[in-house]
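Here is a friendly briefing on how strands and helices come together in one protein model. Take a moment to look at the picture before reading on.

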Amino acid sequence: MDFFELAQQVEELSGVKLEMAGGLTTWEAFPSYRHQDRIDIIRQTIRRRTDAIYDCACKHISDIYVKFPDDSIKRPDIAIFCREPDEDEQDGAVTLLPEAIIEIISKRYEDKDLKVGVPFFLSQGIRDVITLDMVTSTVTHFRPGQPEQTYVSPVTLLFACGCEATI
């Protein structure tokens, strides 16, 4: 049994999200209503900029398993892709890397999202990683090799792929 299958079984039996990033296994209770509502609100704002030079479909999906090249498995709150994942991976863990990831910081899971998640996503080549702390309304935009940018929500951010979202 691979990690993806184990994670699915754990989810079904316990109501816990199981992830593995860079050899570190973490778990998290299912998100609250407020957390899921904010994800839905943000997803409604994701679109391709009309002046974008890249041909990105800005396809966004919430809370799916993404399998990374190092065999890590993560479930970003919002993953943005420039195209649909291949048909043969739409019923399992997606191996197509997202162009951007948006994470809503959950109480008691700040370290998982900020100290594990952000550096992991950046190390895997994700070009835009955004976090939202709903308690402080702080939005932080991370890009590889660049200083992080901090904003107060709501803010509209442009991603390297040509998509934008209001967070």
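The points below start with a sheet, then turn to the helices that pack on it. Keep in mind that this is a predicted model. At its centre in our story is an open sheet of 6 strands with mixed pairing.

**The sheet**
- Going across the sheet, the strand order is β4-β7-β8-β9-β10-β11.
- The edges are formed by β4 (59-62) and β11 (149-152), each of which pairs on one side only.
- From one strand to the next, the twist averages 20 degrees.

**A pair of strands to find**
- Look for β7 (residues 78-81) and β8 (residues 100-105), which pair in the antiparallel sense over 3 bridges.
- Within β7, you can pick out I80, which stands opposite A100 in β8.

**Helices on the sheet**
- Helix α2 (residues 33-43) lies across β4, β7, β8 and β9 (128-133), and α2 runs at about 150 degrees to β8.
- Helix α3 (residues 110-123) also packs on the sheet, where α3 touches β8, β9 and β10 (138-142).
- The direction of α3 makes about 170 degrees with that of β8.

**The two sides of α2**
- Which residues of α2 are buried? They are H35, I39 and I42.
- Seen down the axis of α2, these buried residues fall within an arc of 70 degrees, so they line one face of the helix.
- The buried residues of α2 pack against β4, β7, β8, β9 and also β13 (163-166).
- On the face of α2 turned away from its buried side, you will find the exposed residues Y33 and R34.

Notes
Residues are numbered from 1 along each chain as its sequence is written. This is a predicted model: local features need pLDDT of at least 70, side-chain atom pairs count only at pLDDT 80 or more; totals for chains, interfaces and linings use all residues. Side-chain values use heavy atoms; hydrogens and water are left out. Two strands pair if DSSP finds at least two bridges between them. Helices (H or I, at least four residues) and strands (E, at least two) are DSSP runs, numbered from the N terminus. Axes are lines fitted to C-alpha atoms, for helices over the stretch in contact, and angles run from 0 to 180 degrees between N-to-C directions. Contact means heavy atoms within 4.5 Å. Buried means under 20% relative accessible area, exposed over 50%, partly exposed in between (1.4 Å probe, protein chains only). The arc is that of the directions from the helix axis to the C-beta atoms.
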